[in-house]
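Here are some notes to go with the model, written as numbered points. Have the structure open while you read.

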Amino acid sequence: MIDLFLKNYDGIVKAFRETNYMMGISMVTVFVISMPLGILLFSLSKDYLLKNKALYEGLSIFLNALRSVPFLIFVFILIPVNRFLFKTSFGNIAAILPLTLVGVSLYARFVEQALLNVPQKIIDRAISMGATKFQIIRYFLLPATVGNLILSFTYTTISLLAYTTVMGVIGAGGLGEFAFRYGYQEYDYNLMYLIVLIFIIYVFIIQTIGYGLAKKFTGKKEK
C-alpha cells in the first residue's frame, strides 16, 4: 500500500489539494451565511424575538428545496448560474456554489435546532433580567449551544467532503474523481481502496478535531 501511494504520490497530492480547495472556500462561506440564517430562523419562530410565521415558512421551504434535489442533478441545474456568476461552469470554482448551497441548507437547520434545544429556564432568566433581543441571542442562547454548533459544523464538513466526490462531473477534480478515473476506470482497485482509506483517515481527523474543540469549549462554559 505504501509503494502504491508513493507511485501515485503526485496525483494523490494534487487531488487532495483540489478537494481541500473546494472544501475550504465552501465551509467558510457556509459558516458565514448559515450562522445568521439559522439564528434568523429561530428568531422568526419565537414571540420574544422576531416572530413572523410567513417569513419563517418561506425560508423553510427554500432550505428544504435545496436539500430535496439530488445533489448530482443540483450540480447540473446550477451550471447556468455558475456561468453567469463566475463565467465558467467547469473546474474548482464551479464546484463551490453547489457545495455552499447544500452546506447552508444543512448547517442553518443545525443552528436552528441547537437553539431550539436551549433549556427554557435560560431563556426565562434572560427575559427576567430585561435582556434585549440581541443580548438574549448573544449572551444566553449562543453560549449555551457552542458545543452543539461545533459538532454540527463537523458533521456538515464531513457531509460536504462526501459531496466533493461527485464534482468530477464538472471537472473539479478531487480525490473522488481520482479514485474513479485512475482506480475504477483503469481497473486498479488497489488504488481505489487506497483513496477510500485516505477518506476514512481524513474523516477521522475532522471528527477528532471537531469533538476536541466541542469538548474544550463546553468545558470552558461549564467552568
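1. A word on burial before anything else: buried means under 20% relative accessible area, exposed means over 50%, and partly exposed is in between (1.4 Å probe, protein chains only). By that yardstick, both Arg109 and Glu112 are buried.

2. Some ground rules. This is a predicted model, in which local features need pLDDT of at least 70 and side-chain atom pairs count only at pLDDT 80 or more, while totals for chains, interfaces and linings use all residues. Residues are numbered from 1 along each chain as its sequence is written, and side-chain values use heavy atoms, with hydrogens and water left out.

3. Back to the buried pair. Arg109 forms a salt bridge with Glu112, with 2.8 Å between the closest N and O atoms. (A salt bridge is a side-chain nitrogen of Lys or Arg within 4 Å of a carboxyl oxygen of Asp or Glu.) Both residues sit in helix H6 (residues 92–116), 3 residues apart, or about one turn of the helix. Helices here are DSSP runs (H or I, at least four residues), as are strands (E, at least two), numbered from the N terminus.

4. How many salt bridges does the structure hold? There are 3. Another one joins the side chains of Lys14 and Glu18 at 2.6 Å, N to O. These two lie 4 residues apart in helix H2 (residues 9–44), again about one turn. Their surroundings differ in the model: Lys14 is exposed, at 52% relative accessible area, whereas Glu18 is buried, at 16%.

5. Glu177 and Arg181 also meet in a salt bridge, at 2.8 Å, N to O. They are 4 residues apart in helix H9 (residues 175–184), so about one helical turn separates them. Glu177 counts as buried because its relative accessibility is 15%; Arg181, at 38%, counts as partly exposed.

6. On the annotation side, the unreviewed UniProt entry marks residues 21–41, 61–81, 93–110, 136–153, 160–180 and 192–214 as "transmembrane region". Positions follow the numbering used here, feature names are shortened, and such annotations may be inferred rather than shown by experiment. In the model, residues 21–41 are 100% helix and 0% strand, with the end C-alpha atoms 29 Å apart. Residues 136–153 are likewise 100% helix and 0% strand, and their end C-alpha atoms lie 22 Å apart.

7. Now for H2 against helix H8 (residues 133–163). The two pack at an angle of about 145 degrees, with their axes 11 Å apart. Axes are lines fitted to C-alpha atoms, for helices over the stretch in contact, and angles run from 0 to 180 degrees between N-to-C directions. The contact (heavy atoms within 4.5 Å) includes Met23, Val30 and Phe31 of H2 and Leu141, Phe153 and Thr157 of H8. Its residues divide into 14 nonpolar, 5 polar and no charged. For the classes, Ala, Val, Leu, Ile, Met, Phe, Trp, Tyr, Cys and Pro count as nonpolar, Asp, Glu, Lys and Arg as charged, and the others, Gly among them, as polar.

8. H2 also meets H6. Their axes come within 6 Å and cross at roughly 35 degrees. By class, this contact has 21 nonpolar, 7 polar and 3 charged residues.

9. One last residue to click on is Gly24, which is in helix H2 and is partly exposed, with a relative accessible area of 32%. Gly24 and Thr157 are 133 residues apart in sequence, yet 9.4 Å apart in space, C-alpha to C-alpha.
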